[in-house]
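Me: I am new to this structure. Please take a close look at a single part of it, and tell me how that part sits in the chain.

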Amino acid sequence: MRPFLATCLGALCTAALTLPLAATAGAGAAPAAPHPVRTDDLPGSTQSLPVGALGAAAPHTPDRDTTMPAPQELGLPPRTVRPFSLLGVVWDDAAAELHGRVQVRTRANGSGDWSGWQDVQVHNDDAPDLGSTERHGSDVRGSTAPLWVGDSDAVQLRITPEHSDRAPAVLPGGLRLELVDPGAPPRGLRGARLDPPAPLTAEAAAASAANAGFAPLGALEIPALDQAASQGDIAAVDGPRPEQTFVGPRPRIVTRAGWGADEKLREKAFTYTKTVRAAFVHHSGSGNNYSCEEAPSLIRAMYRFHVKSNHWRDIGYNFLVDKCGTVYEGRAGGIAKPVMGAHTLGFNTDSTGVAVLGTFTDTEPDKPAVDAIARLTAWKLGLYNVDPRAMAQLLSGGGNRFAKGTKVSLHVISGHRDGFTTDCPGTHLYDKLAATRRAAATLQGR
């Protein structure tokens, strides 16, 4: 049977937290607030702090107000919080844009050393399509890109709005700073081994079963195969089998269990489209200050940010790649299946999204990561008999570059910016895509 479009509704909401204030370097003493309250019983946590005018109380904004007058500077003074490792700013209206500069500095947990000011990537254009079930009734938020800062226990934020001579500056309403603790990996998870095996919840079993035929239930990874053996993977795809297959060698893929996904976070149902006709390449915008050993924690934090802070049904990307070239399963539903993602607004249907962990606006991506994109797309696109060098005709679901209903011809392997006006995946990664298309085709044997 051909995969169907599964729908699953439900509001995923994170209540605001009240956090303790503490005097820190450069900040005056502030009265202590009640101890923060956790919003759920899941591993990891999200602290949500309202953003206000610096030196003044947070401004009152009515629910769903889309904009608010912007003072010279908004943010948060230095504040001690529970430990966290990733942060981002969110706001109520997903269609609103934050026109300004967002900067943070954080204090390392343990050493007490403050970082310098770091820029947060303001434009985060990964999102569910406008007409998708993921937006229906889910109160999707707008947000910056999440930034990985490592284990921290204090934060300071400043937002400097853009000013215009023609009109007063405005910012989205409901601004909040989200601080994400990825939590410890599941019991027994140590790198690529599970010893002793952790019991599977019903949700974890369902996510793992979506990869039946590739690895045993609860497996932490799906092993690599050579090109000859990988031709058999096409059996996992519904539809007629072509006379000649061009499936690239399957790369090793760390499963959701392997990076420690808490399957209770996501919505239960999987959402599929009809096929995979294109792959969109992204950078996560989360910065490059992570080690390969930290990549699973970074993905867990990003997953929580997408679900609890952005109010998406699951992590947005179908696959993620770290700087060492390790490929990770992203959104649940099966690595070979046409899982609907939330990665390229307007073009999530019949496509797959691959995000390299990092920011490549001013930095070159690591070669292992670029090579991994070629391997992954050679395999995934090959399952659907797609030539990586070809052009695909896609129908826009609506965005800032192509109006809804526009038929667009795009490279089968495209950068996010090809379908949406954005800097993603960064100039340095985008410039590698022409060579990636050729490499992927060669891996397919074309």
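Reply: Contact here means that heavy atoms lie within 4.5 Å. By that rule, residues 24 or more positions apart account for 76% of the contacts in the chain with a separation of 6 or more. The model is predicted.

Some totals give the setting. The chain has 446 residues, of which 57% count as buried. Its secondary structure comes to eight helices and 21 strands. The accessible surface is about 18,100 Å², and 54% of that belongs to carbon and sulfur atoms.

The part chosen is the sheet that contains strand 15, together with what adjoins that strand. Seven strands make up this open sheet, in the order 13-14-17-16-18-15-21, and the pairing is mixed. Strand 13 (221–222) and strand 21 (413–415) stand at the edges with a single partner strand each, so one side of each has no neighbour in the sheet. As a rule, the strands of a sheet pair through backbone hydrogen bonds, in a parallel or an antiparallel way.

Strand 15 and strand 21 run parallel and are joined by three bridges. Phe280 stands opposite Ser414 of strand 21. Helix 8 (residues 433–444) packs on the sheet, where it touches both strand 15 and strand 21. The direction of helix 8 makes about 160° with that of strand 21.

Strand 15 covers residues 278–283, and a loop leads from there to helix 4 (295–309). Ser284 is found in that loop. Is Ser284 buried or exposed? Its relative accessibility is 2%, below the 20% limit, so Ser284 counts as buried. The side chain of Ser284 makes a polar contact with the side chain of Ser286, at 2.5 Å. Leaving out residues up to four places away in sequence, Ser284 touches Ala145, Pro146, Met302, Tyr317, Val356, Leu357 and Gly358.

Two of those partners, Ala145 and Pro146, lead to another stretch of the chain. Thr144 lies in the loop between strand 7 (142–143) and strand 8. With a relative accessible area of 0%, Thr144 is buried. Beyond four places in sequence, the contacts of Thr144 include Gly88, Val89, Trp91, Val120 and Phe305.

Strand 8 itself runs over residues 147–161 and holds Ser152. Ser152 is buried too, at 1% relative accessible area. A polar atom of the Ser152 side chain lies 2.9 Å from the backbone oxygen of Gly150. Ser152 and Phe84 are 68 residues apart along the chain, yet their C-alpha atoms are separated by 5.4 Å. Phe84 is one of the residues that Ser152 touches; the others are Arg82, Pro83, Thr106, Arg107, Ala108 and Asn109, with residues up to four places away not counted.

Helix 5 adds a further view of the chain. Helix 5 takes up residues 367–383 and reaches 25 Å from its first C-alpha to its last, close to the expected 24 Å. Of its 17 residues, 13 are buried, so helix 5 is largely enclosed by the rest of the structure. Just after helix 5, Asn385 takes a positive phi of about 55°.

To return to the chosen part: strand 15 is joined to strand 21 by three bridges, helix 8 touches both strands, and the loop after strand 15 holds the buried Ser284.

Conventions
Residues numbered from 1 in each chain as written. Predicted model: local features only at pLDDT ≥ 70, side-chain atom pairs only at ≥ 80, totals over all residues. Heavy atoms only, no water. Helix = DSSP H or I, 4+ residues; strand = E, 2+ residues; numbered from the N terminus. Buried < 20%, exposed > 50% of the residue type's maximum accessible area, 1.4 Å probe, protein only. Polar contact = N/O pair within 3.5 Å; in protein donor to acceptor, adjacent residues only side chain to side chain. Expected span 1.5 Å × (residues − 1). Areas by Shrake-Rupley, 256 points an atom, 1.4 Å probe, with all protein chains shown as cover. Pairing = 2+ DSSP bridges. Axes fitted to C-alpha atoms, helices over the stretch in contact; angles between N-to-C directions.
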